[in-house]
Structure formats: C-alpha cells, structure tokens
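Me: I am in my first year and would like to take a close look at one part of this structure, the nonpolar core and the residues around it. Could you lead me through that part slowly, in connected sentences?

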Amino acid sequence: MLTCKNAINQISDYLDGELDTNLKHTLETHLTKCHHCHAVFDTTKKTIELYCDGRLFSLPEEVHARLHAALRRKLQGHS
C-alpha cells in the first residue's frame with residue numbers, strides 16, 4: 001500500500017516516465033482514490049505544462065530537491 005507521503009514523492013518520477021510498471025500502477029491506483037494526492041499530481045503536471053508550453057521536462061536536481069522538501073513539509077501530519 002502506498003501512503004500519501006510516498007505517492008507524492010513519486011510524482012516527479014511518474015511525470016518523467018521513470019517508474020517501473022508495478023510502482024506506476026500502484027501510484028495510478030492511489031491517485032484515483034486519494035483526492036489530496038490527485039490534486040497535488042494535477043497541479044504539478046499543469047504547472048510543468050504551463051511553464052514549458054505543454055512539454056514535460058526534467059527539473060534540475062536542486063529544484064527537484066526543493067520541491068520534494070516543500071511537499072514533505074506540507075504533508076507532515078497526512079498519511
């Protein structure tokens with residue numbers, strides 16, 4: 001079972017197409033059941049699409065780390 005914290009930690013890799021098939025399926029299932037995580041996923045995806053005119057790209061490592069840190073702080077207390 002995937003917790004919200006773990007799901008959100010996987011969103012960037014999912015959007016980059018870097019998850020293995022099993023984890024991808026587990027995350028997709030979680031996102032269909034969890035409104036909070038789906039909102040984070042949708043917002044992240046739309047932000048990236050708007051920023052790069054609809055083309056997904058890999059975030060620089062520093063930005064990726066800061067985004068994950070901010071999401072972890074936001075999720076403290078949620079599971």
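Reply: What follows is a walk through the core, then an aromatic pair, and then the cysteines.

Please keep in mind from the start that this is a predicted model, and that the values below are computed from it.

The largest nonpolar core has 17 residues, and the residues with the most contacts inside this core are Ile8, Ile11, Leu27 and Cys37. As general background, nonpolar side chains in soluble globular proteins tend to be buried together. Two or more core residues come from each of helix H1 (4-15), helix H2 (21-33), helix H3 (35-51) and helix H4 (61-75), and H1 gives the most, with 5 residues.

To see the surroundings of one of these core residues, turn to Leu27, which, once its neighbours within four places in sequence are left aside, is in contact with Leu2, Ala7, Gln10, Tyr14 and Leu19. Another residue to look at is Thr44, which lies in helix H3 and touches Ile11 and Leu15 when residues up to four places away in sequence are not counted. Thr44 counts as buried because its relative accessibility is 16%, which is under the 20% limit for that word.

Tyr14, already met as a contact of Leu27, also takes part in the 1 aromatic pair that the structure holds. Its partner is Phe41, and the two rings are arranged edge-to-face, with 5.6 Å from centre to centre and 75° between the planes. Because Tyr14 lies in helix H1 and Phe41 in helix H3, the pair ties together parts that are 27 residues apart in sequence. The two partners fall into separate classes of accessibility, since Tyr14, at 21%, counts as partly exposed, whereas Phe41, with a relative accessible area of 12%, is buried.

Finally, consider the cysteines, where it helps to recall that a disulfide is a covalent bond between the sulfur atoms of two cysteines. The count for this model comes to 0 disulfides. Cys34 is in no disulfide, and the nearest cysteine sulfur, that of Cys4, is 3.6 Å away. For Cys37, too, the closest cysteine sulfur is in Cys4, at 3.6 Å, which is too far for a bond, because the two sulfur atoms would have to be within 2.5 Å. Cys34 counts as buried at 14% relative accessibility, and Cys37 counts as buried at 0%, so Cys37, one of the residues with the most contacts inside the core, is a buried cysteine without a disulfide.

Note on methods. Residues numbered from 1 in each chain as written. Predicted model: local features only at pLDDT ≥ 70, side-chain atom pairs only at ≥ 80, totals over all residues. Heavy atoms only, no water. Buried < 20%, exposed > 50% of the residue type's maximum accessible area, 1.4 Å probe, protein only. Core = buried A, V, L, I, M, F, W, Y, C linked by side-chain atoms within 4.5 Å. Helix = DSSP H or I, 4+ residues; strand = E, 2+ residues; numbered from the N terminus. Contact = heavy atoms within 4.5 Å. Phe/Tyr/Trp six-rings, centres within 6.5 Å; stacked < 30°, edge-to-face > 60°.
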